[in-house]
Amino acid sequence: MAVEKSTHLDDVLKSHRMAHIDGLVSKHKNKRDEIKEAMESKYSSDIFSPFNSGSFGKHTAINIKFDLDLVVPFKRDSFDTIENMFNDVYDFLYKEYHESGIATVRKQKVSIGVLFNADADGDEINIDVVPGRELTKDTYVDEKDLNIYFNEDTWGFTKGTYTKTNIQAQIDHIKAKDNERKVIRLLKIWKNTNGEKYKSFLLELLTIKAFDKATISGNNWGKLKGVMTYIKDNITKDEFTLKDPGNSNNDVVKSLDSWGRQALSSKMDTMITRIEENAENIKFYFPINEDFEVKEENSSNSSYGLKGSSVGPSIPSNNQRFGQDEL
Amino acid sequence: MNFDLINSTISKIPFVKKINNIEQREFSIVGNVEILLEELQDSLSFDFQINLEYPLKSYDSESINFSNKDLVSYNHVMQNGNICIHTSHSISITEKLKIDFNALKDWIIKYIVNQDEDLNYEHIVAAESPINDISYSFIFTECKESFSKGELGTVKLSLLNDGMLRGRTNYNFFIKKFIPISGDSKNCQWNQYYNRQKTQLEGLYYYVEDAPVTQGRFAYTKWSELSLPTDLLNLLHEYERENFNKLRGKVIPLFIGYKTVGTEIHWQAALLEVGKFPIEGVAERINGRKNGKWNSFLVDAEISWGLTRNSSYEYFFGRGVFSKELTEKKILIIGIGAVGSMIAQTLTRSGCKYIDFIDHDIKEPENVCRSEYRFANGITNKTAELEKILYEISPFLNSAKLNDNYFEKLVKSFYTDPERQKKFIDDLKPYDLIVDCSTDNDLMYVLNSLELETELINLSITNHAKELICAFHPNIYKFVNNQFSNVLNNDVEDLYEPTGCWSPTFRASYNDINTLVQLALKHLNRIISGEKAKNNFVIQEADNSLKIIEF
């Protein structure tokens with residue numbers, strides 16, 4: 001039976017739900033809370049209450065790749081410089097977790113990564129700690145603005161510099177947007193299963209803008225196709241911008257050069273064409289997570305793998321892929 | 001031949017001032033024309049000969065020729081005074097005569113009036129001649145090292161084969177290296193296979209720097225015209241004396257080197273027959289009295305030139321190669337059946353320098369009809385035969401022997417072990433590109449699951465070669481499976497089932513498969529050179545044309 005695109009996408013979303021990995025998520029949460037407590041105890045009155053961000057905080061996580069970020073807002077007078085703040089947090093976490101042999105701690109683009117050693121189940125928990133400093137004294141509580149440090153040349157910023165951001169605003173930007181979240185999760189599934197390097201934040205902002213500027217409606221496929229069409233038609237335009245809700249001066253589309261914008265537009269075009277041409281192609285771009293495939297009577301037929309690999313007599317072999325004579 | 005038509009047409013050509021002595025012979029019309037152009041003070045005289053084939057060309061040459069021995073110093077004039085022209089096709093005698101006489105006129109204006117120099121270097125003209133009815137040819141490449149004027153030494157050669165050339169036996173040699181009298185060897189840039197061939201002939205070399213020619217391009221015809229140094233003549237004398245009995249009649253080449261373009265060197269081979277070296281001993285005299293010493297001098301004998309060719313990579317592949325980004329890659333092909341062997345051979349012919357391949361399979365006679373394998377090599381390991389075939393094609397391809405069990409045993413047994421995974425990734429790191437043509441689903445899964453730092457491409461075809469599927473790491477396993485299981489209508493019923501065999505195979509001819517493979521390689525070359533985006537693709541025949549469907 002031919003695949004029904006919307007039903008398939010529904011199955012895809014279901015199979016990528018975080019609920020399937022409750023145990024793993026709990027482990028992450030526990031570790032995050034552990035770090036949170038350690039930070040509060042170390043920096044006590046120098047910080048405001050740490051909060052969760054990343055895909056988990058935004059409810060756009062997928063179970064094949066998710067971040068549990070912990071944002072630690074420092075008070076304006078806690079450190080002289082943003083760099084000192086970043087290094088101090090790194091030194092603390094390094095001493096606390098790395099030197100004690102519990103985890104590997106390393107400086108990342110804007111965060112400090114704490115990768116805990118594999119536990120008895122073989123799970124490796126990774127928590128990214130993002131330190132940020134209040135812009136001006138006593139403004140954080142109302143404004144939520146923070147300066148974050150760039151430890152690498154990234155997203156158009158140079159190592160050693162810092163920028164204003166408002167992570168809370170970024171989280172709020174996607175609040176109560178269930179339709180957008182579904183499409184964002186689908187695009188993240190595409191990104192992660194197809195080896196695409198686009199930033200999730202870029203896909204997130206593109207989706208939200210598409211819903212805002214275009215008429216995105218219909219079933220799952222209708223909405224996804226609407227967003228992909230919007231990206232295809234608009235991302236190459238010179239005047240196209242993607243304002244970071246955390247810093248209106250930051251145009252996130254600039255993280256792509258013109259070739260990258262053209263390539264993303266072409267990819268969207270190709271995907272739409274291939275899927276419209278033959279619905280089965282949707283399974284390549286948006287695959288079901290086979291580990292958590294939901295097999296319901298009304299779900300689409302998601303038979304993966306080769307027909308030849310199904311149970312049955314294997315002589316004569318019925319490998320369907322050719323090019324190599326077997327004798 | 002229509003004498004009157006030819007005569008009247010030539011006489012009407014405006015710049016033909018006069019026709020002299022035109023006459024019909026048994027197989028040609030000959031005569032002389034005086035050409036007068038505005039640009040010339042005096043008319044120029046050319047003998048002409050129009051052969052029976054006219055206006056058709058014969059053996060790639062015009063069947064009309066113009067000659068004037070006095071013009072031999074000008075460009076494109078042969079030693080016998082023939083002017084070298086190539087003109088357009090026409091089946092009309094009158095039109096062709098006009099075309100050919102106009103070509104003569106253009107040659108006069110370009111080379112006599114304007115004294116133009118050609119930008120393109122043309123080799124010197126040396127008439128090759130056999131010795132004892134056997135021809136000799138020598139192939140060489142540029143060496144990395146330079147040669148200095150007056151440098152002397154020996155040359156090591158190996159025989160490619162004794163083939164036929166213009167009705168005679170021809171010994172085809174290639175030069176392995178030049179060994180100067182003092183200093184290190186200078187190796188030709190062949191691959192490891194040719195470099196390690198046994199030396200089967202030794203020659204001598206002398207680097208003169210300036211081409212050994214008269215009138216700019218005609219090779220000397222007499223030994224006495226070559227100013228060979230006494231050291232070399234004495235060396236020849238000693239060689240002949242020592243080997244007279246043992247090697248009498250054997251031909252050894254003397255390579256005379258000279259500069260062509262930039263730092264490029266060409267070697268002209270003068271052939272020497274042991275026992276007939278063109279030297280004579282002359283007694284040294286002081287005040288008219290012999291002092292007991294003898295010196296060697298060249299005699300006034302004809303030079304027998306051998307055929308030489310510079311076969312450096314740039315010339316060998318000068319007519320067409322894949323992009324440098326592809327030819328410089330270190331490539332591993334997994335599975336060298338129909339698709340894999342075609343890919344290996346095409347990459348080799350298109351200039352790739354490093355291709356290793358792995359396959360545990362045996363080549364059977366039934367494989368020959370749709371792969372690059374040959375009946376003549378019998379039943380043999382595919383890897384051994386392919387290596388032989390590829391080396392026969394390209395002297396610039398390097399291929400290393402691999403452990404046939406690497407993927408089948410090592411990788412498949414231990415791919416889940418994280419430590420081993422790192423090792424496999426490291427093992428494959430020396431390659432820039434791995435092409436998996438094995439059609440092995442298990443291996444496809446295993447390789448796709450490794451976090452390879454090497455580019456990996458997977459290629460396979462559907463039954464009847466209806467489609468070719470090409471996927472790039474890390475989007476291989478899922479894509480290929482979906483194509484075969486859900487998207488393409490692969491016919492798995494109409495298979496070829498050979499008698500006595502439990503393993504049916506797909507139906508498709510060499511032509512069916514190679515048509516797809518060549519288009520896939522064309523597209524891959526564009527992807528690798530950066531001209532096209534790296535997207536998985538399917539090649540499909542639709543409406544009598546092939547379509548590349550990108551994903």
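A residue counts as buried here if 20 or more other C-beta atoms lie within 10 Å of its own. By that yardstick, helix α12 of chain B is mostly covered, with 11 of its 11 residues buried. All of this comes from a predicted model, so the confidence scores deserve a look before the packing does.

Chain A does reasonably by that score: its mean pLDDT is 89, and 91% of the residues reach at least 70. Among its elements, helix α9 (residues 220-234) comes out highest, with a mean of 98, while helix α3 (residues 54-58) has the lowest mean, 84. The stretch to treat with care is residues 297-318 of chain A, where the pLDDT is below 50. Even so, that stretch makes 35 contacts in the model beyond near neighbours in sequence.

As for the overall build, chain A holds 11 helices and 9 strands. Its C-alpha atoms fill a box of roughly 75 × 50 × 40 Å along the principal axes. Of the 327 residues in chain A, 39% are buried. Taking contacts in chain A between residues at least 6 apart in sequence, 60% link residues at least 24 apart.

Helix α1 of chain A (residues 5-15) makes a good close-up. Its buried residues are Lys5(A), His8(A), Leu9(A), Asp11(A), Val12(A), Leu13(A) and Ser15(A). The cover over them includes α7 (178-193), α9, α10 (258-277) and α11 (282-285) of chain A. With α7(A), the packing angle is about 80 degrees and the axes are 10 Å apart. Angles of 65 to 115 degrees count as roughly perpendicular, and α1(A) and α7(A) are therefore roughly perpendicular to each other. On the α1(A) side, the contact uses Leu9(A), Val12(A) and Leu13(A); these meet Lys182(A), Arg185(A), Leu186(A) and Ile189(A) of α7(A). Sorted by type, the residues of this contact are 5 nonpolar, no polar and 2 charged. As background, an α-helix has 3.6 residues a turn, so residues three or four places apart point the same way.

Over in chain B, helix α7 (residues 338-349) packs on helix α13 (residues 510-528) at about 50 degrees, with the axes 10 Å apart. The two helices, α7(B) and α13(B), are therefore oblique to each other, and the crossing is right-handed. From α7(B), the contact draws on Ala338(B), Val339(B), Met342(B), Ile343(B) and Thr346(B). From α13(B), the partners are Ile513(B), Asn514(B), Val517(B), Gln518(B) and Leu521(B). This contact has 7 nonpolar residues, 3 polar ones and no charged ones.

Back to α12(B), whose buried residues run from Tyr477(B) to Val487(B) and include Lys478(B), Phe479(B), Asn482(B) and Phe484(B). What do these buried residues pack against? Part of the answer lies in the other chain: α7 and α11 of chain A both take part. The rest comes from chain B itself, namely α11 (441-449), β23 (455-461), β24 (467-472) and β25 (537-542).

The loop that follows gives a different picture. Thr499(B) sits between α12 and α13 of chain B. Is Thr499(B) buried or exposed? The cut-off for exposed is 12 or fewer other C-beta atoms within 10 Å; Thr499(B) has 4, so it is exposed. Thr499(B) also lies 57 Å from Trp267(B), C-alpha to C-alpha, with 232 residues separating the two in sequence.

Terms used: Residues numbered from 1 in each chain as written. Chains lettered and ligands numbered in written order. Predicted model: local features only at pLDDT ≥ 70, side-chain atom pairs only at ≥ 80, totals over all residues. Axes fitted to C-alpha atoms, helices over the stretch in contact; angles between N-to-C directions. Helix = DSSP H or I, 4+ residues; strand = E, 2+ residues; numbered from the N terminus. Parallel < 35°, antiparallel > 145°, perpendicular 65-115°, else oblique. Left-handed = near helix turned anticlockwise from the far one by under 90°. Contact = placed C-beta atoms within 7 Å. Nonpolar A, V, L, I, M, F, W, Y, C, P; charged D, E, K, R; others polar. pLDDT = per-residue confidence, 0-100.
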